[in-house]
Each structure stands twice: as structure tokens, then as C-alpha cells.
Amino acid sequence: MNWMGKLIGALLGFLFTRRATGVLLGLILGHLYDQYAARGGTARADLATVRATFFRAAFSVMGHVAKSDGRVSEQDIAAARRIFRQFNLNDADTRAAMGFYTQGKDAAFDLAGALQELAAVCRGRAEVLRMFLEIQMRAALLGDGMHGAVRSTLQRVAATLGISALEFAHLETLLRLQAYAGAGGYGPAGGARPGPSAGGADQLAEAYEILGVPRSATDAEVKRAYRKLMSENHPDKLVARGLPESMLEVAKQKTQAIQAAWERVRESRGMR
């Protein structure tokens with residue numbers, strides 16, 4: 001937590017006024033300075049800049065991740081096209097996305113630079129950065145899977161964006177369970193396979209996984225986890241924070257999975 005600005009502000013307020021009101025004013029001014037410093041001392045990027053940077057990075061990094069194991073397979077290309085369709089891109093945006101994807105596959109692509117630029121314009125928008133990682137992981141799972149060099153590259157993406165290993169693992173679990181709950185899982189070659197849920201007990205365990213809480217959690221803890229996830233991933237909030245509107249469907253799918261998990265856990269506990 002930043003506190004230096006508050007400390008200096010309060011001290012100066014006291015020295016100049018010798019009154020409590022001066023100390024209070026100094027604290028307020030110091031707090032504003034600490035918030036400014038926490039953003040790197042720069043003004044936050046406007047939404048148009050955030051969305052343009054997110055769009056460019058999303059597809060260039062996607063291409064780089066697909067190529068990180070040495071080759072881009074037909075399954076990787078099919079996965080990218082499926083992502084394009086999920087985003088309902090118009091012709092111009094589809095061409096732009098394909099161009100960025102191709103740039104990402106180039107050996108000279110600067111992954112660190114692209115991620116640092118994204119992190120800079122999305123400063124203070126952690127939920128948007130998490131959605132960025134989710135899109136990358138989704139594409140990888142639809143392609144040849146998350147293993148070897150692909151997993152290492154995705155972990156590097158997460159670390160650069162300030163996303164913890166725990167968040168990474170939870171997101172992977174959620175994505176895999178989303179796929180199983182839908183039309184089939186992510187196979188090693190991208191094909192659908194039957195989900196693991198053989199009965200209500202397994203489905204309930206999956207619901208707890210999605211919410212990120214153990215079965216031993218109290219009702220209050222479960223409800224708090226659910227509300228936190230919904231707040232962080234609400235589609236309208238993400239768009240307002242800089243997620244390109246074309247990617248809204250991905251956010252909707254995630255909140256639907258969270259909502260379904262909450263309903264299953266709530267019903268099993270008899271919660272209102």
C-alpha cells in the first residue's frame with residue numbers, strides 16, 4: 001500500500017497550519033498523490049486506446065503462443081478461426097486480426113514489448129488483463145492444448161501481466177469445466193470428448209472448483225466468492241473498462257458458468 005504521500009501531506013499540513021484541519025487536508029492531498037504514483041505517475045489511457053491495444057495484442061500474442069512449440073498446426077489455425085467467429089468480427093476486423101496473428105508468429109515478434117504496452121494502458125484494469133489471459137488460454141485449449149512450450153509461454157504472459165500462478169490454475173480449471181459443461185471438452189487435438197461428470201456429486205465438485213472455494217467453506221464465504229467473481233467478470237463492466245465489444249460473448253460465457261456453479265452450490269446447501 002502506498003502511504004508516503006499521506007505521511008508527507010499530513011506532516012506539511014501540521015507544520016503550515018498547526019491545526020487538525022491542516023493535517024486532514026494534507027492527508028487528502030497525499031492520498032491523491034499516492035493514487036497518481038500507483039498508476040506510474042501517468043494519466044490513464046482512454047478507452048479507445050485500451051481497446052485498440054487489447055485487440056492488437058490479443059491476436060498477435062495468440063499467434064505467438066501457437067508458434068511457441070515450433071509450428072502452427074492446422075488445429076491451431078482452426079482454433080484461431082473459431083475464436084474469430086466467437087467474436088463476431090466484421091470483415092475489416094477479421095482481416096486485421098489475421099494480420100496481427102501472422103505478426104505474432106514471426107520469430108522477430110517482441111512478446112515482452114507487446115505485453116508491457118498492454119499492461120501500461122490497462123493499468124488499474126486487472127479484470128481486463130485477466131480476460132486477455134483467458135482468451136489466450138481458450139485459444140490454446142482449442143488448438144493443440146496447453147502443454148510444453150505453449151504452457152510456459154502462457155505462464156510468462158500471466159506473470160508479465162501480474163496474474164498469479166493461483167489465478168492461472170483457477171482460470172484453467174474454469175475453462176476446462178466450461179468446455180465439459182458445453183458441447184464437449186478440450187481434447188489433445190482439439191476435438192470434443194465426453195465430460196467427466198458422471199453424476200450430481202461430480203457436478204457439485206466442479207461447481208466448487210469454478211467458484212474457487214472448498215466444500216468446507218461457509219455459506220457466507222461461498223456467497224462472497226460468487227459475488228466477487230461476478231463483479232470482476234460482468235460483461236458490461238469489462239466493456240466499460242476497455243474490453244473490445246466484439247469480445248463480449250467470451251465474458252458472457254464465463255459469467256454464465258459462474259452463475260450455473262452458484263446455483264448448483266446454493267441449491268445443494270439450501271441457501272436462499
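Reader: Why does Asp219 count as partly exposed?

Author: Asp219 has a relative accessibility of 37%, and since buried means under 20% relative accessible area, exposed over 50% and partly exposed in between (1.4 Å probe, protein chains only), Asp219 counts as partly exposed. This is a predicted model, in which local features need pLDDT of at least 70 and side-chain atom pairs count only at pLDDT 80 or more, while totals for chains, interfaces and linings use all residues. Residues are numbered from 1 along each chain as its sequence is written, and side-chain values use heavy atoms, with hydrogens and water left out.

Reader: What makes the contact between Asp219 and Arg269 a salt bridge?

Author: A salt bridge is a side-chain nitrogen of Lys or Arg within 4 Å of a carboxyl oxygen of Asp or Glu, and the side chains of Asp219 and Arg269 meet at 2.6 Å, N to O, which means that the pair fulfils the rule. Because Asp219 belongs to helix H11 and Arg269 to helix H13, the contact ties together parts that are 50 residues apart in sequence; helices (H or I, at least four residues) and strands (E, at least two) are DSSP runs, numbered from the N terminus. Arg269, with a relative accessible area of 24%, is partly exposed.

Reader: How do you know that the salt bridge of Arg130 and Glu232 ties together parts that are apart in sequence?

Author: The side chains of Arg130 and Glu232 meet in a salt bridge at 3.7 Å, N to O. Arg130 is located in helix H7 and Glu232 in helix H11, so this pair joins parts that are 102 residues apart in sequence. Both partners can also be set against the limit for burial: Arg130 has 18% relative accessibility and therefore counts as buried, and Glu232, with a relative accessible area of 17%, is buried as well. The contact belongs to a network of salt bridges that links Arg130, Glu167, Lys228 and Glu232, and a search of the whole structure finds ten salt bridges.

Reader: Why are Glu263 and Arg266 said to be separated by about one helical turn?

Author: They are three residues apart in helix H13, and therefore about one helical turn separates them. Their side chains meet in a salt bridge of 2.5 Å, N to O. Glu263 is partly exposed, because its relative accessible area is 29%, and Arg266 is partly exposed too, because its value is 24%.

Reader: What makes Phe54 and Phe132 an aromatic pair that is edge-to-face?

Author: The structure holds six aromatic pairs. In the pair formed by Phe54 and Phe132, the rings are 5.5 Å apart, centre to centre, with 90° between the planes. Rings of Phe, Tyr and Trp (its six-membered ring) pair if their centres lie within 6.5 Å, and planes under 30 degrees apart count as stacked, over 60 as edge-to-face and the rest as tilted, which means that this pair is edge-to-face. The pair links distant parts of the chain, with Phe54 in helix H3 (residues 47-67) and Phe132 in helix H7 (residues 126-142), 78 residues apart. Phe54 and Phe132 are both buried.

Reader: Why is the pair of Tyr226 and Trp262 called stacked?

Author: The ring centres of Tyr226 and Trp262 are 4.6 Å apart and their planes stand at 10°, so the pair is stacked. Here too distant parts of the chain are linked, since Tyr226 lies in helix H11 (residues 219-233) and Trp262 in helix H13 (residues 248-269), 36 residues apart. Tyr226 and Trp262 are both buried. Elsewhere, ring pairs link Phe55, Phe59, Phe84, Phe87 and Phe100 into a cluster.

Reader: Why does Asn88 count as exposed?

Author: Asn88 has 62% relative accessibility and therefore counts as exposed. The residue lies in the loop between H4 and helix H5 (91-105). Asn88 also has a positive phi of about 50° although it is not a glycine, whereas most residues other than glycine have a negative phi.

Reader: Why does Ala114 count as buried?

Author: Ala114 counts as buried because its relative accessibility is 15%. Ala114 is found in helix H6 (residues 111-121), and its C-alpha lies 6.2 Å from that of Ala57, although the two are 57 residues apart in sequence.

Reader: How many helices and strands does the protein chain have?

Author: The protein chain has 13 helices and zero strands, and 43% of its 272 residues count as buried.
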